Amino acid sequence: MALPLGTSAFTSGVYTSPTNLFTIDSNLRPPYAQDWNFSVERRLGQQVVEVRYVGTKGTRLPRFIEANPAVYAPGATAANAGRRRIYANCPASSGPCSLGYVALVTDSTNSTYHAAQVSLSRRLRNGLGYTAAYTFSKTLDYVSSLHIAGPAPILVSGEMDLAQNPFDLRAEHGPSLFDVRHRLVLNGMYEIRWFRRSHPFVKALLDGWQVNGIANVSSATPFTVYDSRNVSMQAPLPPVAGTFASRPDQIASCTSGPHTTEQWISGSSFSRLNAVTDAGRFGNAGRNTCRGAGIVNVDLSLIRGFQINDRMRLQLRVEGFNVMNHANFGLPVNDLASPNFGRVLEAGPPRLIQFALKLLF
């Protein structure tokens, strides 16, 4: 229903004060990606070698901005953060301000990906086929966690949708959450044919098994060390994140730590900001400057088919996951305010072996 001429929708009794907005930039344009690659392929006997360069650039990528941030001033407290917003338009009295948070979606960021890839492959022939692929890559962006956790107070590897400092968005440029510098993947299949001329019983028992395997060896992904205390005295933005992700000062590299489950990274690499003397300041630690543990995983399977009659076939499968029982650690606790900072509390699944019997028609 249209309002009478001269009547504003932003009046007492229609909208509560302060007014909070979740909106998009009026100049928002669609994002786009540019891809390019160059490859050289050479056949060596029964194998194919390929060397490849791959590049991608994302432009005008969306991100959340606090468009009405609080400005620190003497006497600032967490309680008066709403009145310190730059467009708050608060009355001199203690009455409510006109404008609260403004969760703004902009197209102000970009991303880059560069990779060198080498692969060696052999098509299945005489019961043997395999592929070995190695990738050396680097991917950079300004935010990787955009809406991954939804509008909830959850940090993804120490990163949230908002920039630490709303007045310095360039400081968010760094490795992506999924940046894996080195990755080696091996997979292959081999059909056992050693017992075709053996005794019928031995042949029936041991010949014709198919062995499959895949191995993945990857270097670590990055994470951000943060301090959940609101030393910078910023105002909350509930629709985007219900917690703060202020960063400390980084005084040493966190890549050369003890790397044990009890202390993967050392707190001595960082200096926490003092809530009194450093109030209103943002730490100089970058985004995603630390790395967790890499991944080593090997899966194997044995498959054998037994012909029952012309129409029925029995298949036996033995499958092993993480057969080396390698401990693939999760990321360490990365909140400096936590008593468990630096400890690894999670790991991937251990070795798992399963058997399956299928009747195929």
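**View 1. Meet tryptophan 264 and its neighbours in this predicted model**. Leaving aside residues up to four places away in sequence, tryptophan 264 touches Gly257, Pro258, His259, Arg291, Gly292, Ala293, Phe329, Pro332, Gly342 and Val344. As you look around the ring of this side chain, keep Ala293 and Val344 in mind, since both names return in the next view.

**View 2. The largest nonpolar core has 11 residues**. Trp264 belongs to this core, together with Phe223, Val225, Cys254, Ile265, Phe270, Cys290, Ala293, Leu336, Phe341 and Val344. Elsewhere there is a second, separate core of eight residues, and among them are Tyr101, Ala103, Met160 and Leu237.

**View 3. A nonpolar patch lies on the surface**. Here you can find Trp36, Phe38, Val40, Val51, Tyr53, Val118, Tyr134, Phe136, Leu184, Leu186 and Val217, which together make a patch of about 940 Å². Strands S2 (32-44), S3 (47-66), S5 (128-141) and S7 (182-191) each give two or more residues to the patch. The largest share, three residues, comes from S2. For a single example, try Phe136, which is found in strand S5 and is partly exposed, with a relative accessible area of 44%.

**View 4. Arginine 229 and aspartate 227 meet in a salt bridge**. Side chains of opposite charge can pair when their charged atoms come close. In this pair, the N to O distance is 2.9 Å. The two partners are covered to differing degrees: arginine 229 is partly exposed at 27% relative accessible area, whereas aspartate 227 counts as buried at 3%.

**View 5. Glutamate 262 and arginine 343 link two loops**. The closest N and O atoms of this salt bridge are 3.3 Å apart. Glutamate 262 sits in the loop between strand S10 (249-250) and strand S11 (270-271), and arginine 343 in the loop between strand S14 (313-321) and strand S15 (352-360), so the pair ties together parts that are 81 residues apart in sequence. Arginine 343 is partly exposed, with a relative accessible area of 27%.

**View 6. A buried pair and a network**. The side chains of arginine 317 and glutamate 319 form a salt bridge, 2.9 Å from N to O, and both residues are buried. Salt bridges also link Asp179, Arg181 and Arg291 in a network. You have met Arg291 before, as one of the residues that tryptophan 264 touches. In total, the count comes to 13 salt bridges.

Key. Residues numbered from 1 in each chain as written. Predicted model: local features only at pLDDT ≥ 70, side-chain atom pairs only at ≥ 80, totals over all residues. Heavy atoms only, no water. Core = buried A, V, L, I, M, F, W, Y, C linked by side-chain atoms within 4.5 Å. Buried < 20%, exposed > 50% of the residue type's maximum accessible area, 1.4 Å probe, protein only. Contact = heavy atoms within 4.5 Å. Patch = residues over 30% accessible without salt bridge, like charges linked within 9 Å, V, L, I, M, F, W, Y side chains within 5 Å. Areas by Shrake-Rupley, 256 points an atom, 1.4 Å probe, with all protein chains shown as cover. Salt bridge = Lys/Arg side-chain N within 4 Å of Asp/Glu carboxyl O. Helix = DSSP H or I, 4+ residues; strand = E, 2+ residues; numbered from the N terminus.
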